[in-house]
Amino acid sequence: MGFNELKISEGSITVGITDLVNSFFNAKEFFGISLVENENKITKSLDLDSVESHKQFFGKFPINDGLYEIPIKHRFQYKKISINLNGRIDAYSKLNKTIYELKISEKNIDELVYNGSINLFKTQLFIYSYIFYKNRKEVEKLKLIIASTNKKVIKEFEYGFNEKEIYKEIKKLFPFLYDIYLFDISKSKNKKIDPIFPYKEFKPIQQDIIKNILNSQNFITFIEAPFASGKTSAVLYSVAKKYNFPQIHYFTSRNIQKNQVLDEGKRIGYKSILRKAFSESCLYSYLFCKSLDCKYYLYPTEYYSILKENGCPVIYQRLFYTMYDLIIADYNYLFYRALSKTKDTICIIDEYHSFLSRISDFFTVSINKQEIEKIRHLTFTKYKKLNRYFKPLFESDEFSFEYKNIDNNDENPFTNINNRFYIDEIKTPIDSNFFETLLAVIVNIHNFIKENNKKDLSDFENEIFPFYQKLKTILELFEFDIVMSYSRISNEKIFTYKSIKSILNKLFYGYKEVIGISATLEPKQLLYHVHDSSQFSIYSINIPKKIRTYIIDKIETTFKKREKNSPIIANLLNKTIIIENKGNKLINRSVLLFFASYEFIKMIDLFIINPLFDKIVLSKDFKSNNPSLRVYNGRIDEIKDFFINDKIHLLFMPYRSIIQEGANLNFDIAGGFFVGLPFRVPDNQYLTHSILMKEYLELSNEYSNNSFEILSLFPAINDVLQSSGRIGRDKEMDNFLYFIGKEFLNRKVYDNICDCYSDLRIIRS
Ligand code: SF4
């Protein structure tokens, strides 16, 4: 839903009244209407059981002398444009001079009132009544009927017809629509000119990418090209050329990348917008706009203008994003399917390899026994109103933990992580009663928040909200073949999906074309498992860099060995940096050191001692007892001022940090160290998914290790290679890379490093 349903041409806007009103759906809670009903009444009716359409409803509950489905249209003149509205009145009674608007919903009526939907329904009714009256029909009363099929309730709201008052309400929309008109006209002008390539010249690799996208006939096109090869601009440019600036949903998880895409998109000629997460755009973490007196609060929505970007950024983005060509957002927007699309919208997914692992993170929810007990206790003591909704949930099979802990005689499951013994139960399908119970809890928590939005809910936000979010994700999973597993070891219930294929199909549904971009799409096997091979094509190019690259083998850096091996690893780092510094080559230059975690950095940095070193850890909240390690939490492009002169700047950070994220680094980098592989997937998730993959994807014996590679190994390699891509961007020959750890000699890991770096040697430690 959004304003992209408006048909705008020189001098006019034409739109259906339902579409116009629905365009405000994304910001419906801010849609104000000052007319109130004369009366409202509720009736309960079991007869709603099989009611799905207007025809069925009026068949069961006819209006006396009612005429149904009456087409109407009207033209309003505003400034120099005409606003043409058309629609269909649900029912009219000549005898009672009454117009009826019917809404059939599965939702609870109170929820429709709280979330503001009711204001949209009312506006729709008022516009109909005004147009009908202007068409010389008698109108005295307006009735809005809402039928909640779930609750078996019908509620009727009645309004008196007052031409002037109603016109005043409708007129408020005209300046708002006029600005949208101007915006759209300027957008159309862009479409008349050729896209502009945002750089001085095309690299050969970009020319190839453009050719491939222009020629691709497949639903999905994968582009695999090295880091920093200009993939994004080539893709955006070619899509603009192929479809004349279509609407694009561009999904990426990296913040820095989002701004770069925004900038490149604008330079190519797209009208571009960044849809930020609520937490990044809102001053407060909650919807307390009115009560907290937020300075951005502008109410109602008609005060907003697409041309000015005034008022609250959350509301601005929600209202107008559909009008933009290039909409850049985090993967979460795709997971929640929160962006509305047209039949011509193109979906671009950056970092496609991380996208697949993010699906696994996002659509897997773990709930443990302690967590349930804590919420149970809170609903008994502090949030008593919620207790009766939570009770059936906690009594459900899915949320009960009657299993005993394993005793000492049991086989130790950690010794064989692929052992099914670890996961005691995989349950599928999950009972629909559980779905109903879950839904009731979610709706009632939602109502609780709305009812109390004038109070301080910060405790609630800390205590219940994270659990509520988990419940919402579980609910989402019902759409994707939900599976539940139970882990005795951690006493956790794990809710996840049966097959990633079903998720991808749902996420991509409705797009005209999907383009997946990545520096590495390994393992290709995964692509074939999760997509229909007749639907996609892969364009892959690989140009290994000529940086001096070493693997230092033998030292183990896996989780269990880290502490023990830290002094050896530190010693090795000390020695190697000094060797590389021969002739003081590294003084006043930076070396990046990547680790699997901050804990690992803490184990190592104490042992890295040399007066020549300027040791810096990049972190917002790192605490260290080591005074020689300085913490930098500012902007990465300002770090130069933090450096101590005449030293070697050693920058410590975990993989997947801001640097890996793709920041353009404006200081001189001499080389990098990559200590171990970052296996990110938690054990329980990994185990559940690996069992499911084996069972449902019927992986052949030939690839017995396949699930480990897909779920853990390749995401880890990607993290490492992406981090290493920060080095040698300008002068490859002058730089060095050291991969430290036995794990880098695993054949698949080794092959991937070879693909990226041609000058690779192994140093036996
Ligand atoms: S920025 Fe202010 S007005 Fe906007 S959502 Fe947050 S609290 Fe509300």
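The chain's secondary structure comes to 25 helices and 27 strands. The model is a predicted one. Work through the exercises below.

**Exercise 1. Overall build**

Task: Decide how compact the chain is, given its radius of gyration and the globule rule.

Solution:
- Step 1. The radius of gyration is 30 Å.
- Step 2. The globule rule gives 27 Å for 765 residues.
- Step 3. The two values are close, so the chain is as compact as a globular protein of that length.
- Step 4. Add the extent: the C-alpha trace spans about 95 × 70 × 50 Å along its principal axes.
- Step 5. Add the burial: 55% of the 765 residues are buried.
- Step 6. Add the contacts. Take those between residues at least 6 apart in sequence; 76% of them join residues at least 24 apart.

**Exercise 2. The strands β1, β2 and β5**

Task: Find how β2 pairs with β1 and with β5, parallel or antiparallel.

Solution:
- Step 1. Start with β1 (residues 7-9): β1 and β2 pair in the antiparallel sense, over 3 bridges.
- Step 2. Pick out a bridge: Ser-9 has Ser-12 in β2 as its partner.
- Step 3. Look at the connection. β1 and β2 form a hairpin with 2 residues between them. Gly-11 in the turn has a positive phi of about 85°.
- Step 4. Turn to β5: β2 and β5 pair in the parallel sense over 5 bridges. Here Ile-13 stands opposite Ile-83 in β5.
- Step 5. Check the cover of β2 (residues 12-16): 4 of its 5 residues are buried, and the strand is mostly covered.

**Exercise 3. Asn-84**

Task: Place Asn-84 and say whether it is buried or exposed.

Solution:
- Step 1. Asn-84 is in strand β5 (residues 81-93).
- Step 2. Its relative accessibility is 19%. Buried means under 20%, so Asn-84 counts as buried.
- Step 3. Its side chain makes a polar contact of 3.2 Å with the side chain of Thr-14.
- Step 4. Set aside neighbours within four places in sequence. Asn-84 is then in contact with Ser-12, Ile-13, Thr-14, Val-15, His-74 and Arg-75.

**Exercise 4. Aromatic pairs**

Task: Classify the ring pair Phe-435 and Phe-478 and the ring pair Tyr-632 and Phe-642.

Solution:
- Step 1. A search of the whole structure finds 64 aromatic pairs.
- Step 2. Phe-435 and Phe-478 lie 5.0 Å apart, centre to centre, with 65° between the planes. Planes over 60 degrees apart count as edge-to-face, so this pair is edge-to-face.
- Step 3. Locate the two rings. Phe-435 is in helix α16 (residues 432-451), and Phe-478 is in the loop between α18 (465-477) and β16 (482-487). They are 43 residues apart, and the pair links distant parts of the chain.
- Step 4. At 27% relative accessibility, Phe-435 is partly exposed.
- Step 5. Tyr-632 and Phe-642 are 4.9 Å apart, centre to centre, with 55° between the planes; the pair is tilted.
- Step 6. Tyr-632 is in strand β23 (residues 629-632), while Phe-642 is in the loop between β23 and β24 (648-654).
- Step 7. Tyr-632 counts as buried at 10% relative accessibility, whereas Phe-642 counts as partly exposed at 24%.

**Exercise 5. Charges over rings**

Task: Which residue lies over the face of Phe-642?

Solution:
- Step 1. Arg-630 lies over that face, at 4.0 Å from the ring centre.
- Step 2. Another case involves Tyr-321: the charged end of Arg-275 sits over its ring, 4.6 Å from the centre.

How values were computed:
Residues numbered from 1 in each chain as written. Predicted model: local features only at pLDDT ≥ 70, side-chain atom pairs only at ≥ 80, totals over all residues. Heavy atoms only, no water. Phe/Tyr/Trp six-rings, centres within 6.5 Å; stacked < 30°, edge-to-face > 60°. Buried < 20%, exposed > 50% of the residue type's maximum accessible area, 1.4 Å probe, protein only. Lys NZ or Arg CZ within 6 Å of the ring centre and 35° of its normal. Polar contact = N/O pair within 3.5 Å; in protein donor to acceptor, adjacent residues only side chain to side chain. Contact = heavy atoms within 4.5 Å. Pairing = 2+ DSSP bridges. Rg over C-alpha atoms; globule rule 2.2 N^0.38 Å.
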